[in-house]
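Colleague: Before I set up any calculations on this model, could you take me carefully through one pocket, and then through whatever else should be kept in mind around it?

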Amino acid sequence: MATEAEVLEALQVTMSAAYTQGLDAASPQWSMVASEVPSSGASNYYGWMADIPGIKEWIGDRQLADLGKYGYAVENKTWETSIKIKRETYEDDQIGIYSPIAKKFGQDVALFPDELSYGLLKLGFSELCFDGQPYFDTDHPNGAQGVYSNIVGDPAATGPAWFLLDGSQILKPIIYQNRRKFVFKNMNPNEEYSWFNNEYVAGTDGRCNVGFGLPQVCVASKEPLNADTYAAAVKMLGQMKKTSGVALGIKHSHLVVGHENRAAGKAILNTMLANGGDTNIYYQDAELVVSPYLD
């Protein structure tokens, strides 16, 4: 019969391996809507997003852009999930029942950026971005160009939200700020906590958060998703301009929906024929992304 030390060693190895399996088995989608930005402090400051200068002919002195007009900081948060196991459980060599839990930890960690990123995207009609207005708004300030909108149709519409964005941009709609990656840890049973509480502890924790990127790279709507509203979204996204009036070069690459708009999204992008036989000009026009965190 295995000694307690051998059982504990097997428990640690088994749970660590299961955690890694859970990480590898997951299929996260956050990178389609979010740009990962490293962080080395309590927060990152993104006031420079107000107007990233374009390339222009050098005539006379350099034209220095003021990147500090707005204040926008994303504070890192610490997240964790953990379990405790009574000493009697591993004394009785019942370690197999905990592998699925560790595997679920790994899956949850892999999908957690999805939960944060799509969750914030969904809140974009009310949560503020760097210019002090909701990320999705009808009158974002744009310097001498006046204002611009990134809402398609009636802002007061109440249907399930859908989003069209340019996933090729360096700065995507969401910033995923990674301060410290999640790491799975088994607590040594000889540590003080285990000795005093007669328990074995395992879990994972990390530091990160999300914030909004540039509003010009994503448009949204709560109108019914159909060929007409999709065409309006494509047009709005493609006409985004810098404060100088020069086109930003935004393209549409991803149509992001929750499950309520899944069928409508498939009808627009994944069906070759429309209206009983007509050619669907939007067939494969963008990649359809369905996220449960938008429901």
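Modeller: In this predicted model, the second largest pocket has a lining made up of Pro28, Trp30, Glu36, Val109, Ala110, Pro113, Tyr176, Asn178, Lys181 and Phe182. Two elements, helix 3 (99–122) and strand 8 (174–186), each supply two or more residues to that lining, and strand 8 is the element that gives the most, with four residues. The space in this second largest pocket comes to about 220 Å³.

As for confidence, the chain has an average pLDDT of 88, and 84% of the residues reach a score of at least 70. The stretch to treat with caution is residues 62–68, where pLDDT stays under 50 and for which the model has eight contacts beyond four places in sequence. Where pLDDT is low, predicted coordinates should not be read in detail, so I would not lean on the individual contacts of residues 62–68.

Turning to charged pairs, the count of salt bridges is three, and one of the pairs joins the side chains of lysine 84 and glutamate 199, with an N to O distance of 3.8 Å. This pair links distant parts of the chain, since lysine 84 belongs to strand 4 (residues 77–86) and glutamate 199 to strand 9 (residues 199–212), with the two positions 115 residues apart in sequence numbering.

On the surface, finally, there is a nonpolar patch formed by Met272, Leu273 and Tyr283, which together have about 300 Å² of accessible area; of these residues, leucine 273 is placed in strand 12 (residues 273–274).

Methods. Residues numbered from 1 in each chain as written. Predicted model: local features only at pLDDT ≥ 70, side-chain atom pairs only at ≥ 80, totals over all residues. Heavy atoms only, no water. pLDDT = per-residue confidence, 0-100. Contact = heavy atoms within 4.5 Å. Patch = residues over 30% accessible without salt bridge, like charges linked within 9 Å, V, L, I, M, F, W, Y side chains within 5 Å. Areas by Shrake-Rupley, 256 points an atom, 1.4 Å probe, with all protein chains shown as cover. Salt bridge = Lys/Arg side-chain N within 4 Å of Asp/Glu carboxyl O. 1 Å grid on protein atoms, 1.4 Å probe; cavity = no way out; pocket = protein on both sides within 12 Å on 5 of 7 lines; lining within 4 Å. Points joined across faces, edges and corners; volume = space filled by probe spheres on them.
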